[in-house]
Amino acid sequence: MTSIPGEIGKLGNLQVLYLGGNQLTSIPGEIGNLGNLQKLDLYSNQLTSIPEEITELDLEIKWGYDSGKGSFLGGNPLESPPVEIVKQGRDAVIEYFKSLEEAGEQPLNEVKVLLVGDGGAGKTSLMKQLLGEEFDRSEKQTHGINIRDWESGDIKVHFWDFGGQEIMHATHQFFLSRRSLYILVLDGRKEEKTEYWLKHIESFGGDSPVLVVINKIDENPKYEINRKLLQDKYKCIKGFYRVSCKEGTGIESFSGSLGKALTEVELRKITWAKSWFNVKTQLENMTCDFSSYDDYEKICNKEGITKKSTQDTLIGFLNDLGVILHFRDFELLNTLVLEPGWVTAAVYKIITSDELNQKKGVLELNSLDEILRQEEDTDYFFPRDTHRFIIDLMKKFELCYTIGDNNALVPDLLGVQEPEFDFDCADSLKFLIEYDFLPKSVMSRFIVRRNGDIKDDLQWRTGVVLEDENYNSTAVVKSDDEAKKIYIYVNGEQKRDYFSVVRKTFLDINNSFEKIDVKEMVPCNCSECSKSEEPYFYDYSALIKFYLKNIKEIPCSLSAEYVSIEKLLEGIERTGASKEEEILRVLRKLKTKTDTIETLLKKAEEDPILLQPNIWGMGVDLKKVDMLRKLANRLFDKEEQIRE
């Protein structure tokens, strides 16, 4: 079904209307006449807009689906109102339509285009060709990012040309965004890491469209890539193009294809109130590199945008467009970066400084004056009072952590060599995380998050040794970047519990990426594998499914021995305990003499062991806290009986 007639509005006694899972492209305004409606299911259609009359229904507007009352709009490619507005509910949708009526409206018609690829591939040269500029044979490599604007018909394009140096890849998370268009530039003279970059784009840009450009075909006309294989694996690819920036070959054709691709970018089609454009224009016209959130609020209030939720939505769009950079963390909340290149220039200067490399990633904060010194008039200026913001920003993106008050450490610049240390690997709990694409930032972010547990400064670029006195346990975590695997080994009295903390940290990091495939693996413990340095590994999620279906054993693919699934899992899960017993065990551990039920519940909701998803689904039920409260009451009642 692609449409419904306006006569639907005559069914005044209708209480439930299920239209989910169709191909609806529009909804008639008469829907607002259904005054007795309790549930309107429009989930998973093709709606790009909804009529304002939908707000006349006495129903909350919801993005997620549930069994209660409401108008359910999730799974639609909405542009008016935007998804961000719909997710805020009925009041925000009403405010959106009101702003369009009062200030007028127009489509955004702006797109952020990001050029990525290895250093020297020709990203800057391609951008210059599109801008109609001459090819420069001595073009220098981009350090950080280079931002330029271009007009394609009635669409304004913001080009972001990224430096391809490997050390800068971890900083891409600052700027790679959804709802953008990506140009992957490959060097036709050499074998390129094509899939590395496609995975890189997916991880941060989700399903954003990608155009793949093979440059320098004048120097190697025979170079090609397996287009069909890549197209089948990466549905985001919208086309392949062969060009020579040096000779100008293929540029005109690519420019035309780029113009067509720009019209399909989701963000471009979103309708804004003119007052939103006024705010955007005023921010763009400011000449400083950064400003305060208070100044932004004043501009919004002047333009009649007074609701906090609407201001937050607008600043999110401006961030995605690349007009500004803004981060919602409390420490960074009051600063708007109006010139994104200002941030990348600062980070680039810091992580490539000789001092930092000589000291294996240790940064003395009082040396920032020298590192960020303005050497030429054209360089960005970094006043001393912005240094803390820059470091906080690096901490926010987990590029570094602070050591005391005066130092910071950048794990990406740690020494490469693994230090000598004692650890009984044979008796440890072992776990493997296997990635289809392992972003270079995963291990360094893990080290940043768990820096308080680092044992005796045992950390190197691809690994770390952790220790926790509360669990009386030690963990060794290593990354094999080439194999795209992370190995976890845990020893100690409560190694299962400490493993939960380690695993939860990786789960949180992995979930922060837009698109990444991860397999968790458990080593076989058969007679052959238990002695081997390369045992067979089982898919952890498959073992859980077998266990829940009461399948007792599974064969090892190396030895053909059958092994107990319960024994494979018992190092990871408490397979013999019930869900209630497991929660009670953790509650007893968390509880202190001064705790009340409420303070214990607060601890429980933040505890990594209880938050850890496992075979009982714990970590999902905790949001409702019903079972937690019941078990906490039982624990307190039992202790009271003992005292009596």
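Which helix is Glu266 found in? I'll come to that in point 6, after a walk through the rest of the model.

1. **What we're looking at.** Keep in mind that this is a predicted model. The secondary structure of the protein adds up to 22 helices and 26 strands. Its radius of gyration is 28 Å, close to the 26 Å that the globule rule gives for 644 residues, so the protein is as compact as a globular protein of that length. If you want a feel for the dimensions, the C-alpha trace spans about 75 × 75 × 55 Å along its principal axes.

2. **Inside and outside.** Of the 644 residues in the protein, 51% are buried. The protein exposes about 30500 Å², and carbon and sulfur atoms supply 45% of that area. As for how the chain comes together, take the contacts between residues at least 6 apart in sequence: 63% of them join residues at least 24 apart.

3. **Two cores.** In soluble globular proteins, nonpolar side chains tend to be buried together. Here the largest nonpolar core has 99 residues, and Ile350, Ile488 and Phe506 have the most contacts inside it. Helix 11, running over residues 340-351, gives the most to this core, with 7 residues. There is also a second, separate core of 50 residues, which includes Ile8, Leu34, Tyr96 and Tyr293. Back in the largest core, Ile488 is worth clicking on: leaving aside neighbours within four places in sequence, Ile488 is in contact with Leu429, Lys430, Phe431, Ile433, Val476, Val477, Phe499, Val502 and Phe506.

4. **Aromatic rings.** The count of aromatic pairs comes to 23. One of them is Tyr43 with Tyr65, an edge-to-face pair at 5.6 Å centre to centre, with 70 degrees between the planes. This pair links distant parts of the chain, 22 residues apart: Tyr43 is in the loop between strand 2 (39-41) and strand 3 (61-62), while Tyr65 is in the loop between strand 3 and strand 4 (70-72). Are these two tyrosines buried or partly exposed? Tyr43 has a relative accessible area of 30%, so it counts as partly exposed. Tyr65 is partly exposed too, at 39%. Elsewhere, ring pairs link Trp272, Trp276, Phe277 and Phe317 into a cluster. Two lysines also sit over rings. Lys112 lies over the face of Trp160, 4.1 Å from the ring centre, and Lys193 lies over the face of Tyr196, 4.9 Å from the ring centre.

5. **Trp150.** You'll find Trp150 in strand 7, residues 145-152. Is Trp150 buried or exposed? Its relative accessibility is 12%, and the cut-off for buried is under 20%, so Trp150 counts as buried. Setting aside neighbours within four places in sequence, Trp150 is in contact with Leu130, Leu131, Ile155, Lys156, Val157, Phe159, Ser255, Leu258 and Leu262. For a sense of distance, Gln374 is 224 residues from Trp150 in sequence and 29 Å from it in space, C-alpha to C-alpha.

6. **Glu266.** Back to the opening query: Glu266 is found in helix 7, which covers residues 266-269. With a relative accessible area of 39%, Glu266 is partly exposed. Gly248 is 18 residues from Glu266 in sequence, and the two are 30 Å apart in space, C-alpha to C-alpha.

Definitions and conventions: Residues numbered from 1 in each chain as written. Predicted model: local features only at pLDDT ≥ 70, side-chain atom pairs only at ≥ 80, totals over all residues. Heavy atoms only, no water. Core = buried A, V, L, I, M, F, W, Y, C linked by side-chain atoms within 4.5 Å. Buried < 20%, exposed > 50% of the residue type's maximum accessible area, 1.4 Å probe, protein only. Helix = DSSP H or I, 4+ residues; strand = E, 2+ residues; numbered from the N terminus. Contact = heavy atoms within 4.5 Å. Phe/Tyr/Trp six-rings, centres within 6.5 Å; stacked < 30°, edge-to-face > 60°. Lys NZ or Arg CZ within 6 Å of the ring centre and 35° of its normal. Rg over C-alpha atoms; globule rule 2.2 N^0.38 Å. Areas by Shrake-Rupley, 256 points an atom, 1.4 Å probe, with all protein chains shown as cover.
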